[in-house]
Amino acid sequence: QTDAVGAIRPAVAEAYDLSIIFGGGFGSAGGTPMANIGLWRNNAFGSMSTGLLGQGASTLVDVLVRMPDGKIAIGGNFSTVGGIFTQSVGLWNGAGYSALGQGIGSGNGVNYTFTMAAGSDNVIYAAGAYDRAGSVILPDGAAKYVGGAWVPFDIDLGPSLPAGTSQIAAIAFAPTGTMYIGGNFAGAAKAASIAQVVNAGRAEA
């Protein structure tokens with residue numbers, strides 16, 4: 001039981017030190033003040049610096065992903081992590097936060113992150129309600145963070161749905177490294193809302 005004041009999202013990850021990190025939209029847990037993200041360690045709640053802020057009452061964490069190197073990737077609707085400017089995404093290394101480039105967002109201010117995943121090479125993949133990463137346009141609301149920059153996710157979700165409604169809602173990797181995605185799209189998949197992507201971008205027909 002988190003005993004959090006606010007809303008806990010299904011955003012939970014185990015850190016490298018076995019502490020449990022959880023996110024959502026809340027201001028405290030177990031009487032400990034925190035800003036939308038916190039941890040459980042040694043049978044006690046703890047804050048994580050100044051947390052995530054910047055979007056008022058709409059600020060929240062949607063997803064947490066533990067990367068192969070032990071860092072925690074964070075996605076949601078926020079504009080600062082630990083006082084550092086970033087849009088929608090950030091990184092926790094166990095002691096502090098860092099930005100992931102200029103972040104990812106949209107021109108209409110809706111920046112929710114639906115899903116994130118990390119490849120074995122620590123490349124971060126994210127998808128959500130956004131259309132750009134800095135000046136880079138994301139036609140399908142999805143991007144990967146590699147070499148210190150966000151680049152479009154190289155997959156066409158297809159024109160069969162009304163403009164702006166195609167969305168990737170889930171990304172997962174099999175032990176073989178094959179990526180699977182699901183969501184609201186047709187694209188080149190054999191079945192609606194199911195696609196198999198190999199080598200981070202090629203849709204298999």
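Colleague: Why is Arg-132 called partly exposed?
Modeller: This is a predicted model, and every value here is computed from it. The relative accessible area of Arg-132 is 34%. Buried means under 20% and exposed means over 50%, so 34% falls in between and Arg-132 is partly exposed.

Colleague: What makes Arg-132 and Asp-131 a salt bridge?
Modeller: Their closest N and O atoms are 2.8 Å apart. The limit is 4 Å between a side-chain nitrogen of Lys or Arg and a carboxyl oxygen of Asp or Glu, so the pair qualifies. Asp-131 has a relative accessible area of 28% and is therefore partly exposed.

Colleague: How do you know that Arg-66 and Glu-14 form a salt bridge?
Modeller: The closest N and O atoms of Arg-66 and Glu-14 are 3.8 Å apart. That is within 4 Å, so the pair counts.

Colleague: What makes that pair a tie between parts of the chain?
Modeller: Arg-66 lies in strand β7 and Glu-14 in strand β1, so the salt bridge ties together parts that are 52 residues apart in sequence. Arg-66 is partly exposed at 39%, and Glu-14 is partly exposed at 38%.

Colleague: How many salt bridges are there by this rule?
Modeller: The count is three. One of them joins the side chains of Asp-69 and Lys-71, with 3.3 Å from N to O. Asp-69, with a relative accessibility of 39%, is partly exposed, and so is Lys-71, with 29%.

Colleague: Why is Ser-19 called buried?
Modeller: Its relative accessibility is 2%. The cut-off for buried is under 20%, so Ser-19 meets it. Ser-19 is in the loop between β1 (4–14) and β2 (20–29).

Colleague: Which residues does Ser-19 touch?
Modeller: Leaving out residues up to four places away in sequence, Ser-19 touches Ala-13, Glu-14, Trp-40 and Arg-41. Glu-14 is also the salt-bridge partner of Arg-66.

Colleague: What makes β8 and β11 a pair of strands?
Modeller: Four bridges join β8 (residues 72–77) to β11, and the two run antiparallel. Pairing needs at least two bridges, so these strands pair. Ile-74 stands opposite Gly-90 in β11.

Colleague: How do you know that β11 pairs with β12?
Modeller: Three bridges join β11 to β12 (residues 97–99), again antiparallel. At least two are needed, so this is a pair as well. Here the bridge partner of Gly-90 is Ala-99 in β12. The hairpin of β11 and β12 has four residues between the strands, and Gly-94 takes a positive phi near 105 degrees.

Colleague: Which way do the residues of β11 point?
Modeller: Val-89 and Leu-91 point one way, Gly-90 and Trp-92 the other way, and all are buried. In a regular strand, side chains alternate between the two faces of the sheet.

Colleague: Why are β6 and β10 called edge strands?
Modeller: The open sheet has the order β6-β9-β10, with antiparallel pairing. β6 (52–53) and β10 (84–85) each have a single partner strand, so one side of each is left without a neighbour in the sheet. Two bridges join β9 (residues 80–81) to β10, so this pair meets the minimum of two. Ile-84 in β10 is the bridge partner of Val-81.

Colleague: What are the edge strands of the four-strand sheet?
Modeller: That open sheet has the order β13-β14-β17-β18, also with antiparallel pairing. β13 and β18 (149–152) are the edge strands, each pairing on one side only. The twist averages 25 degrees from one strand to the next. Five bridges join β13 to β14, and Met-116 has Ala-126 in β14 as bridge partner.

Colleague: Which residues have the most contacts inside the largest nonpolar core?
Modeller: The core has 18 residues, and those with the most contacts inside it are Ala-73, Leu-100, Ile-104, Met-116, Ile-124 and Trp-150. Strands β7, β11, β13, β14 and β17 each supply at least two of its residues. A second, separate core of 16 residues includes Ala-11, Ile-37, Leu-39 and Ile-72.

Colleague: What does Ile-124 touch?
Modeller: Its contacts beyond four places in sequence include Met-67, Ala-73, Leu-91, Leu-100, Met-116 and Trp-150.

Colleague: How many helices and strands does the chain have?
Modeller: It has zero helices and 22 strands. Of its 205 residues, 46% are buried.

Conventions: Residues numbered from 1 in each chain as written. Predicted model: local features only at pLDDT ≥ 70, side-chain atom pairs only at ≥ 80, totals over all residues. Heavy atoms only, no water. Buried < 20%, exposed > 50% of the residue type's maximum accessible area, 1.4 Å probe, protein only. Contact = heavy atoms within 4.5 Å. Core = buried A, V, L, I, M, F, W, Y, C linked by side-chain atoms within 4.5 Å. Axes fitted to C-alpha atoms, helices over the stretch in contact; angles between N-to-C directions.
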